[in-house]
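Colleague: Please take a close look at a single part of this model and describe how it is put together. Then say how that part sits relative to the other copy.

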Protein chains: 2
Amino acid sequence: MTAQNLGRVLPILDWLPGYSRAMLAGDGMAGLIVAIMLVPQGMAYALLAGLPPEVGLYASIVPLVFYGLLGSSRALAVGPVAIVSLMVATTLGELAEAGSAGYLAGAVMLAFLSGAILLGMGLARLGFLVNFLSHPVISGFSSAAALVIGFSQLKHLLGIDIPRSHLITETIAHAVTHIGQINPATIAIAAASLAILLLFKSRISALLGAMGFGAASSDSLAKAGPLVAVLATTLVVWLFALDRTAGVAIVADIPAGLPPLTLPNLDMGLIEQLLPAAALIAVVGFLESVSVAKSLASKRRQKIDANQELIALGAANIGASVTGGYPVTGGFSRSLVNFTAGAVTPMASIITAVLIAVTVVLFTPLLYFLPKATLAAIIVVAVANLIDLQTLRAAWGYNKADAASLIATFLAVLTLGVEIGILVGAALSIALYLWRTSRPHMAEVGRVGETEHFRNILRHDVQTDPAVLMVRVDESLYFANTAFLEDQLLGRVADRPEIDHLVLIMSAVNFIDASALDTLETLAERLADAGVTLHLAEVKGPVMDRLKRVGFTKSLGAGRVFLSTHDAMCDLGAATDPKAA
Amino acid sequence: MTAQNLGRVLPILDWLPGYSRAMLAGDGMAGLIVAIMLVPQGMAYALLAGLPPEVGLYASIVPLVFYGLLGSSRALAVGPVAIVSLMVATTLGELAEAGSAGYLAGAVMLAFLSGAILLGMGLARLGFLVNFLSHPVISGFSSAAALVIGFSQLKHLLGIDIPRSHLITETIAHAVTHIGQINPATIAIAAASLAILLLFKSRISALLGAMGFGAASSDSLAKAGPLVAVLATTLVVWLFALDRTAGVAIVADIPAGLPPLTLPNLDMGLIEQLLPAAALIAVVGFLESVSVAKSLASKRRQKIDANQELIALGAANIGASVTGGYPVTGGFSRSLVNFTAGAVTPMASIITAVLIAVTVVLFTPLLYFLPKATLAAIIVVAVANLIDLQTLRAAWGYNKADAASLIATFLAVLTLGVEIGILVGAALSIALYLWRTSRPHMAEVGRVGETEHFRNILRHDVQTDPAVLMVRVDESLYFANTAFLEDQLLGRVADRPEIDHLVLIMSAVNFIDASALDTLETLAERLADAGVTLHLAEVKGPVMDRLKRVGFTKSLGAGRVFLSTHDAMCDLGAATDPKAA
């Protein structure tokens with residue numbers, strides 16, 4: 001194995017030998033800033049997943065190291081993310097009580113299974129599979145998931161107990177009917193946290209800039225919003241003992257110490273139950289991760305290897321499963337922060353992991369009085385970014401079928417749930433694509449003046465010969481559109497008895513499958529029965545190679561294959577043009 | 001409503017007013033010959049479906065009249081067919097004991113449901129849906145179904161009781177282990193029937209021709225093989241009382257009289273249970289029917305309206321369900337006989353129906369001693385035609401993906417059953433199509449000599465400019481291939497730092513969906529980040545219209561849209577060509 005091949009399998013070998021002090025400076029600063037973001041985010045997302053807060057921290061240590069060793073992206077920041085956490089919650093919610101031992105074991109198992117699936121897909125080079133989720137489907141899915149996530153936090157923001165439901169309407173109805181139970185102190189803390197987060201999000205960067213900080217460092221400091229909210233609200237709860245006096249729900253005891261070693265319980269019944277959800281978590285997580293990795297890599301003209309990413313994320317998830325964590329992936333905003341804060345190698349991730357480990361060992365007692373409402377506010381602000389009307393507006397103006405699949409996915413997620421919703425969306429977008437290709441655009445063409453150019457007779461003023469029908473098909477020919485092609489062509493011929501020749505212009509036909517080949521043969525026969533000769537023109541090289549291999553020209557009988565439409569017109573038109581007689 | 005529109009809805013109005021004595025002669029002869037074929041076939045297929053023989057006759061009366069009134073084909077012969085009968089048997093076999101009242105009620109319900117589905121599809125104009133079954137899938141399905149049907153008759157041919165199974169291996173194993181139970185008289189009758197049928201199939205036509213009969217009438221007489229086999233074996237069984245003395249299974253009592261009026265039992269539980277199978281029966285039946293109708297129509301330059309066919313077949317099946325029948329469709333060989341025997345209008349079908357009605361009223365006592373082995377032999381000979389190795393050979397030589405979906409469908413039908421098998425095949429052929437379009441052919445092109453022609457640099461000796469990369473994409477751009485496109489292009493640019501311009505040649509791009517539009521925008525941005533300008537060339541009219549509508553050219557930044565590749569080369573090549581400096 002050459003050094004280059006080895007570097008592809010273990011990308012750390014590419015960057016570690018040339019590692020410099022300057023690189024460490026960038027990676028160190030980025031690692032620190034991401035750690036500051038990740039401590040509150042990790043706990044918040046664990047809460048969203050229905051897990052104890054320390055699970056979110058555990059999932060932010062070993063997985064980062066594993067990704068750092070194997071990942072092909074230089075700036076991806078791995079860890080818990082919102083949508084995957086929601087998917088974990090919906091999956092395990094049907095299985096066990098949140099917080100129970102079974103629930104925890106299920107989370108570990110989900111991490112293990114989705115890790116194994118990612119690893120398997122990477123080794124089988126199945127990375128292309130995720131391409132079948134179209135952008136509108138992903139957009140509709142993200143918007144709907146953001147709404148579901150946001151409303152799932154209502155209970156923490158208001159301090160009332162709302163049963164879990166993927167139906168937003170149910171959640172709202174429950175909140176409204178139990179409005180008397182709202183905890184005033186909780187809602188005040190939530191409001192304050194939201195205010196801090198939004199302030200940091202919108203203003204602090206400009207403010208720090210005005211105070212003379214550099215753009216990069218002021219941007220980075222602005223990301224400390226969650227940390228500031230956590231510190232401020234924890235302090236207030238502790239000072240006024242709001243947990244005891246005002247019933248504010250707090251994080252309370254977080255076990256100190258490094259993550260425990262856990263082994264996924266290899267219970268076949270449980271595996272079978274969790275496998276479909278684990279596959280979806282793997283795919284959705286990979287999709288989020290690889291899209292951010294690609295966008296960052298291209299900024300530095302670097303490459304992302306989708307299959308290597310699958311392997312790295314697979315290892316990261318298996319790492320999470322053996323250290324008491326839950327499914328992780330590359331997060332969008334966190335990776336962007338990592339990149340802009342100066343990360344040049346995965347060393348940044350390893351530094352983040354070390355800092356989180358230090359936090360888990362030393363600082364968890366400081367988080368005892370952290371109110372859950374603050375974590376909920378962090379989630380709400382984070383997912384608000386996912387609500388994406390812009391894509392809908394763009395798709396609506398560009399292509400209604402795309403807009404339809406976006407809206408259908410959005411509604412399916414809200415009414416049928418996250419997992420069925422994304423499957424419905426993916427199936428619909430594929431169906432719409434097949435529907436479109438099954439009815440190809442076909443233009444009858446004529447000659448523009450005395451030129452060699454041929455154009456659509458409906459759009460241009462062209463010359464035609466009544467005995468020669470020339471039709472351009474703007475699609476590859478395959479089983480789903482052969483019947484349409486046949487009906488259209490036979491229909492035109494049946495309507496116009498003066499036609500003697502039909503020329504099929506194949507300039508836009510990239511492929512002809514076996515069904516379409518049959519159809520062309522049958523078509524030639526049926527046209528011959530009706531006294532019409534079928535010809536082809538402008539057949540592409542690779543398509544012609546295949547047709548020649550099976551002796552297709554024999555099926556054409558008296559018909560010919562012309563190099564250009566002009567050749568066909570000269571030959572067939574002259575023979576039947578009344579003026580030539 | 002104009003007369004023409006009315007004629008489209010009720011095609012009988014098109015032909016009845018101009019009906020002539022000459023037409024009656026042709027239709028009368030065709031109607032008689034089809035009736036002679038249909039009496040034994042109808043009973044045989046009913047046996048295959050696990051139903052009493054009279055059900056096959058009932059299904060050959062009213063459905064033919066209904067199709068005659070509504071169908072758009074002039075020569076289609078509707079009635080029981082082999083594959084649909086097999087599907088009825090597998091569906092009802094899981095539901096009730098063959099021959100029981102529940103089984104009969106299920107058959108009536110299947111006819112009603114598939115009729116309603118066909119009618120609904122016709123009214124909703126969903127005829128295009130059947131196009132998604134590719135020819136190789138249909139071929140694999142038919143071959144496997146023919147094997148399953150053939151082996152299902154083994155029990156009647158050998159006279160032993162073999163439990164129903166879709167696994168041929170099980171059927172054979174049972175026959176072999178119970179070889180001692182074979183009934184010698186039964187096997188002798190089966191052999192004699194097969195001999196008569198094969199003789200008529202292969203020789204009689206030539207023999208009659210040699211005896212001075214015209215080609216058409218000798219062909220038609222050759223189709224009387226089943227009738228001759230039925231008469232000969234019935235006579236032998238009656239003469240020697242083989243039913244009592246040698247244990248030959250006979251058809252026995254067939255109730256005389258017209259079909260009973262039956263009303264499908266609207267039991268929601270039963271409907272829900274039968275609905276998926278009814279949908280598949282409807283689709284498969286429609287497919288068989290419409291393909292034969294089309295092939296006959298084109299011989300006379302007539303048109304088939306797929307949606308009108310759905311309505312007519314829907315009515316025919318509902319007709320079957322209210323007169324004690326079971327699902328019917330247009331049969332291949334029977335329609336061909338009808339056509340060649342001289343049928344010019346659906347009057348031929350109506351005549352067939354009248355003759356079958358007369359048979360049911362008057363001649364059923366004559367069929368008392370008809371041995372089941374003869375009917376089984378008729379089935380075996382009929383389905384042998386369905387075994388289709390030619391399509392496999394052709395597909396193998398032309399396109400391996402098509403051959404793979406044929407083989408997969410064949411194996412899936414044999415191992416998983418008829419219904420799951422065809423679904424597996426359809427899904428696989430769609431997946432293979434998507435896989436192919438997700439990895440489009442992309443060619444880097446260069447200029448041929450000093451011409452305006454540009455060709456693949458790997459295939460031709462062409463001129464290129466190291467600073468200008470020109471790539472032609474041979475596929476429409478949509479969500480499943482955008483990632484591939486992006487990876488390929490960014491990969492080539494990352495490998496060759498000398499590139500300043502990337503020209504995407506769009507002559508074969510018939511469509512760009514919203515995901516691909518996003519990708520092109522991102523690509524332009526990422527290329528710009530890497531110091532490369534993206535240009536387009538040869539964008540098609542309809543594609544350019546859409547791009548203009550959303551102001552795509554702005555996303556190109558400094559990039560331009562060139563009318564031709566030659567324009568792009570002149571402009572970009574000259575600006576960066578070292579020789580020009």
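Modeller: UniProt positions are given here in the numbering of this model, with feature names shortened, and such annotations may be inferred rather than shown by experiment. With that in mind, the part I would take is the one that an unreviewed UniProt entry annotates as "domain: STAS", residues 458–572 of chain A.

The model is predicted, so local features need pLDDT of at least 70 and side-chain atom pairs count only at pLDDT 80 or more, while totals for chains, interfaces and linings use all residues. Residues are numbered from 1 along each chain as its sequence is written, chains are lettered from A and ligands numbered from 1 in the order in which they are written, and side-chain values use heavy atoms, with hydrogens and water left out.

Helices (H or I, at least four residues) and strands (E, at least two) are DSSP runs, numbered from the N terminus. On that basis residues 458–572 of chain A are 47% helix and 16% strand, and the end C-alpha atoms of the span lie 22 Å apart.

The sheet comes next. Two strands pair if DSSP finds at least two bridges between them. In chain A, six strands make an open sheet with mixed pairing, in the order β4-β3-β5-β6-β7-β8. Its edges are β4 (454–456) and β8 (561–562) of chain A; each has a single partner strand, so one side of each has no neighbour in the sheet. At one of these edges, β4(A) pairs antiparallel with β3 (residues 442–447) of chain A over three bridges. Within that pair, Val445(A) is opposite Asn456(A) of β4(A).

A helix packs on this sheet: α24 (residues 514–529) of chain A touches β6 (501–505) and β7 (533–537) of chain A, and its direction makes about 140 degrees with that of β7(A). Contact here means heavy atoms within 4.5 Å. The axes are lines fitted to C-alpha atoms, for helices over the stretch in contact, and the angles run from 0 to 180 degrees between N-to-C directions.

β6(A) deserves its own paragraph. Strand β5 (residues 468–473) of chain A runs parallel to β6(A), with five bridges between them, and Val468(A) faces His501(A) across that pair. For accessibility, buried means under 20% relative accessible area, exposed over 50%, and partly exposed in between (1.4 Å probe, protein chains only). By this measure five of the five residues of β6(A) are buried. In a regular strand the side chains alternate between the two faces of the sheet. Here His501(A), Val503(A) and Ile505(A) are on one side and Leu502(A) and Leu504(A) on the other, and both groups are buried, so that both faces of β6(A) are covered.

Cys570(A) has 38% relative accessibility and therefore counts as partly exposed, and Cys570(B) at 37% is also partly exposed. With a disulfide defined as a pair of cysteine sulfur atoms within 2.5 Å, the count over all chains is zero.

Chain B shows further pieces of this arrangement. Its open sheet has six strands in the order β4-β3-β5-β6-β7-β8, again with mixed pairing. β4 (454–456) and β8 (561–562) of chain B stand at the edges with a single partner strand each, so one side of each lacks a neighbour in the sheet. β3 (residues 442–447) and β5 (residues 468–473) of chain B run antiparallel and are joined by three bridges; in this pair Ala443(B) is opposite Arg472(B). Helix α23 (residues 479–495) of chain B crosses β3, β5 and β6 (501–505) of chain B at about 45 degrees to β3(B). Helix α24 (residues 514–529) of chain B lies across β6 and β7 (533–537) of chain B, at about 140 degrees to β7(B).

That leaves the relation between the copies. Two copies of a chain are related by a rotation about an axis and a shift along it. The superposition is by least squares on the C-alpha atoms of residues with pLDDT of at least 70 in both copies. Chain A falls on chain B after a rotation of 180 degrees with 0.0 Å of shift along the axis, at an RMSD of 0.1 Å. The two copies are thus related as by a two-fold rotation axis. In chain A, the C-alpha nearest this axis belongs to Ala508(A), at 2.5 Å. Of the interface residues of chain A, 100% are also interface residues in chain B, so the copies meet through the same surface.
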